[in-house]
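Open the model in your viewer and keep the sequence panel beside it. This tour goes from one selection to the next and says what is there.

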Amino acid sequence: MNRTIVASAASASLRRRRISAVLAGGLVLGVGAAVTLAAWNDSEWATSTFTAGSFDLEGSTDGVNFTDHAAEDDAAGLGFAVDADDIVPGQTLYALYSIRLIGTADGVLTVEPPTISGDNAANLTAATRLIDGTTCDASTFDDGTATPPATIAASEDGSTGQLDFCLQVTAGPDLTQEESGVVTWQWTVESQ
């Protein structure tokens with residue numbers, strides 16, 4: 001009986017040692033695998049800061065002094081060569097208007113057809129031509145083009161990209177005395 005107990009205790013001890021040996025081997029393999037994985041992990045990073053550019057369409061009635069007229073209520077008063085307050089039937093008047101894009105982003109240009117309102121609206125016609133230079137009269141209007149460029153180039157100091165337009169208004173034969181008409185031009189630019 002004592003032999004059986006001794007043999008059983010020796011067998012249990014042997015089993016514990018085997019289990020301990022297997023566990024120790026597994027631990028060694030796990031640590032080795034973790035070290036191997038750590039050695040083959042790597043990272044790469046990249047970053048950049050994004051700051052919005054600038055974009056401002058300005059206009060000028062003399063082609064030299066530019067300001068912002070961003071709303072119809074703030075429209076620039078045009079300087080027609082002949083007094084626009086005393087027009088007569090058949091008379092045609094001309095005025096210069098220049099635009100430039102200040103900023104860092106070029107834009108897609110849209111030249112809206114002039115709109116005419118007021119009591120004499122039906123007796124006035126208006127047109128726009130892109131011209132070379134800042135002289136606006138019958139000659140430069142006729143030499144100009146009715147098709148404006150599709151885009152306008154921006155410059156940070158306004159030294160390049162200026163577009164000059166000659167604006168024409170003609171009084172019709174049925175112009176009503178002492179009644180007025182208001183002609184409004186609009187240029188819009190959308191950043192590209």
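Two strands pair if DSSP finds at least two bridges between them. With that rule, select strand 2 and strand 7: they pair in the antiparallel sense over eight bridges. Bear in mind throughout that this is a predicted model.

**The whole chain**

Colour by secondary structure. The chain has two helices and eight strands. Walk along the sequence and the pattern reads α-β-β-β-β-α-β-β-β-β. Now colour by burial. Of the 192 residues, 26% count as buried.

**Strand 2 and its partners**

Select residues 92-103, which are strand 2. Here 11 of the 12 residues are buried, so strand 2 is largely enclosed by the rest of the structure.

Add strand 1, residues 55-60. Strand 1 and strand 2 pair in the antiparallel sense over six bridges. Click serine 60: opposite stands serine 98 in strand 2.

Stay on serine 98 and bring in strand 7, residues 163-171. In strand 7, the bridge partner of serine 98 is aspartate 164.

Next, show strand 6, residues 154-155. Strand 6 pairs with strand 2 over two bridges, this time in the parallel sense. Pick leucine 101 and look for alanine 154, its bridge partner in strand 6.

**A salt bridge between strands**

How many salt bridges does the structure hold? There is one. Select glutamate 58 and arginine 100 and show their side chains. Their closest N and O atoms are 2.9 Å apart. Glutamate 58 lies in strand 1 and arginine 100 in strand 2, so the pair ties together parts that are 42 residues apart in sequence.

Are these two charged residues buried or exposed? The cut-off for buried is under 20% relative accessible area. Glutamate 58 has 14%, so it counts as buried. Arginine 100 has 16%, so it is buried too.

**A polar contact from strand 7**

Move to glutamine 168, in strand 7. Its relative accessible area is 16%, which makes it buried. Show its side chain together with that of tyrosine 94. The two side chains make a polar contact at 3.2 Å.

**The open sheet 5-3-8**

Hide the previous selections. Show strand 5, strand 3 and strand 8. These three strands form an open sheet in the order 5-3-8, with antiparallel pairing. Strand 5 (151-152) and strand 8 are the edge strands, each pairing on one side only.

Start with strand 3, residues 107-117, and strand 8, residues 182-191. Nine bridges join them. Two pairs are worth a click. Leucine 109 has valine 189 as its bridge partner in strand 8. Serine 117 has valine 182 as its partner in strand 8.

Now turn to the other side of the sheet. Strand 3 and strand 5 pair over two bridges, in the antiparallel sense. Valine 108 has threonine 151 as its bridge partner in strand 5.

Keep threonine 151 selected. Threonine 151 is partly exposed, with a relative accessible area of 39%. Add glutamate 190 and draw a line between the C-alpha atoms. They are 9.1 Å apart in space, and the residues are 39 apart in sequence.

**A stop in a loop**

Find threonine 135. What lies on either side of its loop? Strand 4 (124-131) comes before and helix 2 (138-143) after. Threonine 135 is partly exposed, with a relative accessible area of 48%. Select alanine 95 as well. Its C-alpha atom is separated from that of threonine 135 by 8.9 Å, though the two are 40 residues apart along the chain.

**The largest pocket**

Finish with the surface switched on. The largest pocket has a volume of about 1200 Å³. Its lining holds 45 residues, and the closest to its centre are Ala76, Leu78, Val183, Thr184 and Trp185. Select those five to find the spot.

Which strand gives the most to this lining? It is strand 8, with eight residues. Strand 1, strand 2, strand 3 and strand 8 each supply at least two residues.

Colour the lining by residue class as a last step. The residues divide into 23 nonpolar, 13 polar and nine charged.

Conventions:
Residues numbered from 1 in each chain as written. Predicted model: local features only at pLDDT ≥ 70, side-chain atom pairs only at ≥ 80, totals over all residues. Heavy atoms only, no water. 1 Å grid on protein atoms, 1.4 Å probe; cavity = no way out; pocket = protein on both sides within 12 Å on 5 of 7 lines; lining within 4 Å. Points joined across faces, edges and corners; volume = space filled by probe spheres on them. Helix = DSSP H or I, 4+ residues; strand = E, 2+ residues; numbered from the N terminus. Nonpolar A, V, L, I, M, F, W, Y, C, P; charged D, E, K, R; others polar. Salt bridge = Lys/Arg side-chain N within 4 Å of Asp/Glu carboxyl O. Buried < 20%, exposed > 50% of the residue type's maximum accessible area, 1.4 Å probe, protein only. Polar contact = N/O pair within 3.5 Å; in protein donor to acceptor, adjacent residues only side chain to side chain.
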